[in-house]
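Dear colleague,

I am passing on to you the structure we spoke about, with its sequence, so that you can look through it at your own pace. My notes on it come after the display.

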Amino acid sequence: MVDVEKIRADFPILEEKVYGKLLVYLDNGATAQRPLPVVDRMTEYYLKYNSNVHRGVHYLSNKCTDANEEARREVQHFIHAASEKEVIFTRGTTEAINLVAYAFGEAFVGEGDEILVTEMEHHANIVPWQMLCERKKAVLKVVPFDDKGELQLDIYEKLLTERVKLVGVAYVSNVLGTVNPVREMIARAHAVGAKVLVDAAQAIAHLPVDVQELDCDFLAFSGHKVYGPTGVGVLYGKEKLLEQMPPWQGGGEMIREVRFEKTTYNELPFKFEAGTPDFIGIVGLGEALKYIGKIGVAEAGRYEEELLHYAQEQMRQIPRLRIFGEARQKASVISFQIDGIHHFDLGTLLDQMGIAVRTGQLCAEPVMQHYGMTGMVRASLAMYNTKAEIDKLCEGLRKVEKMLNV
Ligand code: PLP
């Protein structure tokens, strides 16, 4: 079992007060908080070892370089990648997807080819594909979801033809919380020769991820959603595919030899890591994965699932409240609305009570359009949240209803 009080002690921000009230942080889907070991390790590196990676002969540079490569192995281990060459550091999920949309697109997508995404994707897993399709005169197709928030797999089957070059799908929806059946979807895509990119931004802190078991071709996630720092994330890609893709950004580090006549490129993973990376952020990310690895992602996920069920049960007691996303497999996210109250008002009044939730279109306008909503309120959970905090949220919602007289 997860020892929540012990975990909470590692997150000093959870003892902060906002407007004189103890913070209830339920915006973990946007960004999770960082535990002391991550902040301490980064501080140690800033204060004692700060130096650019991969280019020095001196002690500090070697120290940072070693720590970065250790973090890469930590990621490899965490997602069960076959080789550390398959782990590319990026600025986050968004940059990882853009990298694939460009480099995979250059190598494998041409006029009339198709890219398949789902209706429940975050904008980061829509717009880069639209840009690719525009560039290559390819076609973007969309797999819809039903009102429960589950993908319509019969339509997916129909859309999967040999024209499809790549499927982009969220492991967990950032609005609906749906855990998509990505393993089955990948097998189906492979049967027609399509590759699959899994957007694991909302999964990485809540579900064990095994890229070899999933057999995904690409997988992306951000450090800041898994208790690590901002500005750093990961693209996993199968080595054979990455080898066949051209570099995305050019600059230092991604080259082997630069000549005005012809430049040659570095080996994996450096071919895709142009310029100075956030090398201390990378150290922090490695530490964050070590931290959650010790607790156990599966254990954290089980605890959060219990909390999710409790929260949904409590929220369903509020008659005018509607939850969006009732999939059978759901993780850590509850998006909702109260009839007659604007989502922004709801979020603002909860904030006054010290409760942090997200409001608006949640970077998923197609999901809003599906339900005919201009926005929603989202409470998203982490392993340090408690039933007492859920009770405060529900109490807060009831107070708002009273205040606004609905
Ligand atoms: N994909 C999903 C499902 C997300 O929830 C998010 C962020 O909320 C992203 C992609 C983008 O992540 P980032 O902004 O860290 O690149």
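The notes below go through the nonpolar cores and then through some details of the backbone.

Please keep in mind throughout that this is a predicted model. The largest nonpolar core holds 104 residues, and those that touch the most other members are I79, L219, F221, M315, F336 and L397. Helix α11, which covers residues 297-316, gives the most to this core, with eight residues. If neighbours within four places in sequence are left aside, M315 is in contact with L321, I323, I334, F336, L393, C394 and L397. There is also a second, separate core of 25 residues, and A96, L132, C133 and L235 are among them. As general background, nonpolar side chains tend to be buried together in soluble globular proteins.

Turning to the backbone, you will find a cis peptide bond between L268 and P269, with omega at about 0°; P269 itself lies in the loop that runs between β12 (264-265) and α10 (279-295).

Two residues that are not glycine have a positive phi, and they are worth setting side by side. For L362, phi is near 55°, and this residue lies in the loop between β16 (358-360) and α13 (365-371). For N405, phi is about 60°, and this residue lies in the segment after α14 (387-404). L362 has a relative accessible area of 0% and is therefore buried, whereas N405, at 70% relative accessibility, counts as exposed because the cut-off for that term is over 50%.

With best wishes

Note on methods:
Residues are numbered from 1 along each chain as its sequence is written. This is a predicted model: local features need pLDDT of at least 70, side-chain atom pairs count only at pLDDT 80 or more; totals for chains, interfaces and linings use all residues. Side-chain values use heavy atoms; hydrogens and water are left out. Helices (H or I, at least four residues) and strands (E, at least two) are DSSP runs, numbered from the N terminus. Buried means under 20% relative accessible area, exposed over 50%, partly exposed in between (1.4 Å probe, protein chains only). A nonpolar core is a set of buried Ala, Val, Leu, Ile, Met, Phe, Trp, Tyr and Cys residues joined through side-chain atoms within 4.5 Å. Contact means heavy atoms within 4.5 Å.
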